[in-house]
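Reader: I'm new to this one. Can you walk me through it?
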Amino acid sequence: MSSLQIILLGVFIISTLVGYFLINNVPSLLHTPLMSGMNALSGITLLGALVAAAVAFKGESTWLSGIFGATAIITATVNIIGGFAVTDRMLKMFARKGDKHE
Amino acid sequence: MNNITSYTYKSTPMISDLAYYIIAAILTLTVLYGIYLLSKVSKARLGNRISAAAVAGGVILTLLRHDILPIWGVYPCLLAGIIIGYIMALRVKMIEMPQMVAFLNGSGGAASAIVGGFALMGIGADAGVFSRVAATLALEIGTLTLMGSLIAAGKLHRILPQKPIRLSSHRVIVGLALLVCLVMLVLSSTTSVSLIVLLVVPIVAALLFGLLFTLNIGGADMPITISLLNSLSGVAGAISGLAIGDVLLVSVGSIVGASGLLLTQIMCRAMNRSLGAVILGNAATPGISSGKAKTSDIEEDKEEETAIKADPHVILAEARDVIIIPGYGMAIAHAQHQVKTLADRLQENGAKVRYAIHPVAGRMPGHMNVLLAEANVDYDDLCELDDINSAFKTADLAIVIGANDVMNPAAREAEGTPIYGMPILNVDECKHIFIFNFDLKPGYAGVENPLYQRRSGVTLFLGNAAETLATLLSALKLS
């Protein structure tokens, strides 16, 4: 294992712990928006999709990898945009009484 | 990190290693700050936007770092994803939120699986053992997430049957699929197997596992399933990040994985189910005897049978402290607006109205809160199980709207039934109970609710909750 890979494993463990304790504070009232927000974040895999697709698009690989690369970018982007937008819509509804409602 | 021989390092990146890691760390902290804000109702929207901005930053950072900017092919794909995602988010109804989340989980899982597959082919990753094993794991978990999410979304959207579907040798096949996944992990560390086998076999095994696992999930276990799939989509992203050596993917992916895991735990606790039982499909077998609790209650109530049936309108008019218990039935009947109207009328009449929200009411964590918020219910009126349970004794009236298992007193006594030991809302302690349920059939868990048999204090309004509530509302003249 390279030093980068050891660092990555460390990041994996630390982020898991920090995330776990941070999310423990979220009231159950907000669990649905929390979940859809986290869901949007899981689309972060877009970063990997971009890197892989870029190689495929450069013509170093077959057309099949091009299709897979494009699919990965599209599905990950749908995940991110759809997730954040829908979370925003939900949180807007949790406005306090007296605030302007949708 | 010299032995990372990914292609990307061959070209001169526009951003130095140091700058890249510093920016990645800042973006991770930004995401964490966004999540922190998400725990406060007033700041939650801002928090969500901050997280979104951090992800956008991550995309730009990646484009620069890996010299992707001039590769025009990625832009139409990004644009297509943005348009599809945005239109879906605008169009989805609040009631459809569980299947929307399930679907999005699946699309994230698909992307992670593809990234894993590419990494296994050496695209974006080196050929070392660590990368290959991580790539295979990402491929497996991503595929499992995709398949499981699609089935879950299909069930939630009522395209697929709600009842658990179970094959005769279910456990054996699930176990075999898992075993194959593990074996492929080991094989991927060697170079003895051809690439095509390394790619295809894990996909098939993970598809099978995902399919069987979610087909066997019943409606009421959905909150657990969705939380778990949510966790897995994060884990798949994080592990694909390990495979391609992308620190942002690892950090953000594991935060998502942890959050989903925590929600899964909360849901399991709220249903008194173990995660293993849900995954392996030791499904709550509906229809188990519930006789014990039932008969004892009926006998008890025979003495009270003579009790005078009070006029529901009088009870409503006199109630000063009212607790409303919503359930999935309210969601399918779209009755949340009628519920809000009823609450408004009661409040105008001087009553205090609160909502008791069981953690697993509905089909995903927090489902009821979103539906009630949609109907403009003030979130201060929404109470969690532990906070409100002692209030049922003193309340004048409990109004149940399409909820059953979460307030079934049999959970306390009926040993051996699926809901035994599950924390419930103590509706039965209330003086007067109105139940707006579709019929008197047992809830998902298949355990008869003794409250239906009770004569005193319980008034049943059977049928579509939106209609029965409307009828009551039109006849209601509060003094």
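What follows is a short chat about how the parts touch.

Author: Sure. Keep in mind that this is a predicted model.

Reader: How many residues of chain B are in contact with chain A?

Author: On chain B, 95 residues are in contact with 78 residues of chain A.

Reader: Which element gives the largest share of that side of chain B?

Author: That is α9(B), with 16 residues. Other elements supply at least two residues each, including α1, α2 and α4 of chain B.

Reader: And how does that side of chain B divide by class?

Author: It has 57 nonpolar, 33 polar and 5 charged residues.

Reader: New topic. At what angle do α2 of chain A and α4 of chain B pack?

Author: About 20 degrees, with the axes 9 Å apart. The angle is under 35 degrees, so α2(A) is roughly parallel to α4(B). Their crossing is left-handed.

Reader: Which residues make the contact?

Author: From α2(A), T32(A), M35(A), S36(A), N39(A) and S42(A). From α4(B), M97(B), V101(B), L104(B), N105(B) and G108(B). By class, that contact has 4 nonpolar, 6 polar and no charged residues.

Reader: Now just chain B. What domains is it divided into?

Author: Domain 1 covers 7–280 and domain 2 covers 291–475. Their C-alpha centres lie 38 Å apart.

Reader: How many residues of the two domains are in contact?

Author: 20 residues of domain 1 of chain B are in contact with 18 of domain 2. On the domain 1 side, α4, α8 and α9 of chain B each give two or more residues. The largest share, 5 residues, comes from α9(B).

Reader: Which classes are on that domain 1 side?

Author: There are 16 nonpolar, 4 polar and no charged residues.

Definitions and conventions. Residues numbered from 1 in each chain as written. Chains lettered and ligands numbered in written order. Predicted model: local features only at pLDDT ≥ 70, side-chain atom pairs only at ≥ 80, totals over all residues. Axes fitted to C-alpha atoms, helices over the stretch in contact; angles between N-to-C directions. Helix = DSSP H or I, 4+ residues; strand = E, 2+ residues; numbered from the N terminus. Parallel < 35°, antiparallel > 145°, perpendicular 65-115°, else oblique. Left-handed = near helix turned anticlockwise from the far one by under 90°. Contact = placed C-beta atoms within 7 Å. Nonpolar A, V, L, I, M, F, W, Y, C, P; charged D, E, K, R; others polar. Domains from an automatic or database assignment.
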